[in-house]
Amino acid sequence: MLLGVDTVFGTERGGNVYGFPPFVNGNHAGAAMGVLVPLALSVVRVEKARWLWVVPAILVGGVATSQSRAGVAAMAIGIVAWLLVDGSRWLRASGLCVIGLGALTTVVAGPRAIAHRMTMWVEPGRWAEKELTSGRFDLWATGWMLPSKSPITGFGHGGFEDAFRPFKATGDFSNVSQAHQDPLQLLVEHGALTFALLMGAVVVLAVVSYRACRRVQHRDAAQLIRGLFCSAVALGVYSWVGFPLRIGALATLGALVGGSLAGLATRQEPSVAGLR
């Protein structure tokens, strides 16, 4: 209740909201664990203790048991990004191979077939064939019409539902207070100026962080920056298909990752001891 569960899915106290407090449901818990996998891998490489491999193993296991497609996607994106920005040539080559294999599979099998296979693996029996995207495409198609109605100032914080209702073209969502896409909801509710400022800040942080991955000479500090950067990338990509920044636990995780990343990446030569 403290996180406004009733405003997300229209549930009442004692309703059928399953598992993983303080998240709305297992989907968000899976996403949180998936986002943390790249950071956990970097910590393992920094500490050089074999027993620490249990941490990413637990996170991967949590993602697998959460029945969260978003969690699997966030974890995959984060791991591939981690491989690509790592200083090791064979890890970068591994990341490129994964991307190439994924692209080839998408071309050969088609994105819908891949989505179906992933759904049957992660959530067997939960989704019907017609519900592979759970109505998101219809929601977004209508949602992206809304910024033109109030482009500068938006409809105000929490105004997405009021703005969306007259244009509603999907029956998959009984409650449309969430756009299931954080950037879209930011643009609709707060307008183009606020959207541009915040997206600009995100781009600046991303550029500074990526350069720090290459610039920092201290190997362990650079490794932690890579882990934080890839976790931030995973959370950022997930925000385009969900609403992590409107879930208290995920928003807090995003603030911690972003703040730590900004602090380390903007120092001339950060130390691991300082982060600890």
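Q: Before we start, what counts as a helix or a strand here?
A: Helices are DSSP runs of H or I with at least four residues, while strands are E runs of at least two, and both are numbered from the N terminus. Keep in mind that this is a predicted model.

Q: Thanks! So how many helices and strands does the protein have?
A: The protein has twelve helices and zero strands. Reading from the N terminus, the order of elements is α-α-α-α-α-α-α-α-α-α-α-α.

Q: And what share of the residues is buried?
A: Of the protein's 276 residues, 44% count as buried.

Q: What about the accessible surface, how much is there?
A: The protein's accessible surface is about 14500 Å². Carbon and sulfur atoms hold 65% of that area.

Q: Switching topic: what share of the contacts links residues 24 or more positions apart?
A: If you take contacts with a separation of 6 or more, 68% of them join residues 24 or more positions apart.

Q: OK, now cysteines. How many disulfides are there?
A: The structure has zero disulfides.

Q: Why is there no bond for Cys213?
A: The closest cysteine sulfur to that of Cys213 belongs to Cys230, and it is 6.8 Å away, so the two are too far apart for a bond. A disulfide needs the sulfur atoms within 2.5 Å.

Q: How far is Cys230 from its closest cysteine sulfur?
A: For Cys230 the closest cysteine sulfur is the one in Cys213, again at 6.8 Å and too far for a bond.

Q: Are those two buried or exposed?
A: Cys213 is buried, at 2% relative accessible area, and Cys230 is buried too, at 0%. For buried, the cut-off is under 20%.

Notes: Residues numbered from 1 in each chain as written. Predicted model: local features only at pLDDT ≥ 70, side-chain atom pairs only at ≥ 80, totals over all residues. Heavy atoms only, no water. Buried < 20%, exposed > 50% of the residue type's maximum accessible area, 1.4 Å probe, protein only. Contact = heavy atoms within 4.5 Å. Areas by Shrake-Rupley, 256 points an atom, 1.4 Å probe, with all protein chains shown as cover.
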